[in-house]
Amino acid sequence: MKLQDKVCIVTGAASGIGKEIAHTYAREGGKVVIADMNLAAAQAVADEIAKAGGTAMAVAMDVTSEEQVNAAVAAVVAAYGGVDVLVSNAGIQIVHPVEDFPFADWKKMLAIHLDGAFLTTKACVPHMKAAGKGGSIIYMGSVHSKEASVLKSAYVTAKHGLIGLCKTVAKEGGPFRIRANVICPGFVRTPLVEKQIPEQAAALGISEDDVVKKVMLKETVDGEFTTVQDVAEVALLFAGFESNALTGQSLVVSHGWFMQ
Ligand code: NAD
């Protein structure tokens, strides 16, 4: 058990990558917090974990709301006594050419990805410091933390920004053994990606099959999607790696789409 009794908050854990991370952490003995703006779906994931013999609670959290983030983290500390691991994972995708990108959509993207990462970090760090046991903060970046794609100006900007936040938190957290790292997945077939396939086909004037083969997986070494399990394994590595030797890093998990 790599995370025995560690309190692990995972945002956006009602679906996709976050949900798989929550299940993986629970199997490793973590007390897992399913934090999502969709409380009903979050509760369903917590129930699945409890049914499988794990420990989990669901909390309502819109990561763009300072009040909701602080209230949810306070509820976690009241229930489980602290916070050991934060996975800032909640995210959405909105695609437009830059000249057509509605400003409101741009602000929404930056709010969810960057404000969300900042607010959850800000709320958890004091509890990690107070407990004196260190902690692990994991940001869900993307290959788009390193690389750009057409139509994704807001996403690419936000995902690059997470690397800056991570490096700063790693430096500030170092004396307290609070580590910060970024996971950078390639395309994973979650609801977030399923929604993009027809949108990109329409925007680029190509078929949905071509979006998958010629856009999403074109640069991989084998034409394969990354899986939620692949990403969860890396999230487990970062969560369970207890020393400052592994901090301030960003690890790409993408079937070779991006090579460092
Ligand atoms: P998903 O749509 O399956 O799940 C996202 C979850 O985030 C949902 O449960 C949703 O309710 C929640 N959410 C959205 N906005 C929120 C908010 N304001 N506050 C709280 N919760 C909110 O998506 P996914 O593919 O699992 O994506 C998870 C993360 O992984 C995102 O940050 C995404 O950018 C990143 N990512 C995904 C891929 C991919 O190909 N799927 C690749 C690289 C990175």
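A residue is called partly exposed when its relative accessible area falls between the buried range, under 20%, and the exposed range, over 50%. By that measure Glu242, with a relative accessible area of 37%, is partly exposed. The model on display is predicted, and the tour below begins with its domains.

**The two domains**

Select residues 7–186 together with 227–244, and colour them as domain 1; then select 187–225 as domain 2, following the domain assignment of the protein. The C-alpha centres of domain 1 and domain 2 are 24 Å apart.

Next, display the residues at the boundary. On the side of domain 1, 16 residues are in contact with twelve residues of domain 2. The area buried between domain 1 and domain 2 is about 990 Å², and carbon and sulfur atoms give 68% of this area. Select Gln93, Leu151 and Gly186: these residues supply 37% of the area that domain 1 buries against domain 2, more than any other three residues. Helix H1 (16–27) and helix H8 (228–240) may be highlighted as well, since each supplies at least two residues of the side of domain 1 that touches domain 2.

How many salt bridges cross the interface of domain 1 and domain 2? The count across this interface is zero. Two residue pairs are in polar contact between domain 1 and domain 2, both at pLDDT 80 or more.

**The nonpolar cores**

Now show the side chains of Ile9, Val33, Val73, Ile137, Tyr139 and Met216. These are the residues with the most contacts inside the largest nonpolar core, which has 47 residues. Select helix H4 (residues 103–131) next; this helix gives the most to the core, with seven residues. Domain 1 (7–186 + 227–244) and domain 2 (187–225) both give residues to the core, and therefore the core lies between them.

A second core, of 32 residues, lies apart from the largest one; Ala26, Met140, Val188 and Ala232 are among its residues.

Return to Ile137 and display its surroundings. Setting aside residues up to four places away in sequence, Ile137 touches Leu86, Thr121, Val125, Met128, Val169, Ile178, Arg179, Ala180 and Asn181.

**A buried residue in strand E2**

Select Ile34, which lies in strand E2 (residues 31–36). Is Ile34 buried or exposed? Its relative accessibility is 0%, so Ile34 counts as buried. Beyond its neighbours within four places in sequence, Ile34 is in contact with Val10, Ala13, Ala14, Ala22, Ala42, Val45, Ala46, Ile49, Met57, Ala58 and Val59. Draw a distance from Ile34 to Ala58: their C-alpha atoms are separated by 4.6 Å, although the two residues are 24 residues apart along the chain.

**Two residues with positive phi**

Go to Asp5, in the segment before strand E1 (7–11). Phi of this residue is near 60 degrees, a positive value in a residue other than glycine. Asp5 is partly exposed, with a relative accessible area of 47%.

Then select Arg177, in the loop between helix H5 (153–173) and strand E6 (178–185). Arg177, likewise a residue other than glycine, has a positive phi, near 55 degrees. At 33% relative accessibility, Arg177 counts as partly exposed.

**Salt bridges**

The structure holds nine salt bridges; three of them are visited here.

Begin with Glu242 and Lys6, whose side chains meet in a salt bridge at 3.2 Å, N to O. Glu242 lies in the loop between H8 and strand E7 (249–253), whereas Lys6 lies in the segment before E1, so the pair ties together parts that are 236 residues apart in sequence.

Move to Glu194 and Arg189, which form a salt bridge with their closest N and O atoms 2.9 Å apart. Glu194 is partly exposed, with a relative accessible area of 37%, and Arg189 is partly exposed at 45%.

Finish at helix H7 (residues 208–216), where Asp210 and Lys214 are four residues apart and thus separated by about one helical turn. Their side chains meet in a salt bridge at 3.6 Å, N to O. Asp210 is partly exposed, with a relative accessible area of 23%, whereas Lys214 is exposed, with a relative accessible area of 53%.

How values were computed
Residues are numbered from 1 along each chain as its sequence is written. This is a predicted model: local features need pLDDT of at least 70, side-chain atom pairs count only at pLDDT 80 or more; totals for chains, interfaces and linings use all residues. Side-chain values use heavy atoms; hydrogens and water are left out. A nonpolar core is a set of buried Ala, Val, Leu, Ile, Met, Phe, Trp, Tyr and Cys residues joined through side-chain atoms within 4.5 Å. Buried means under 20% relative accessible area, exposed over 50%, partly exposed in between (1.4 Å probe, protein chains only). Domain bounds come from an automatic or database domain assignment. Contact means heavy atoms within 4.5 Å. Buried area is the accessible area (1.4 Å probe) that two parts lose on being put together, summed over both. A salt bridge is a side-chain nitrogen of Lys or Arg within 4 Å of a carboxyl oxygen of Asp or Glu. A polar contact is a pair of N or O atoms within 3.5 Å; within protein, one must be able to donate a hydrogen and the other to accept it, and residues adjacent in sequence count only if both atoms are side-chain atoms.
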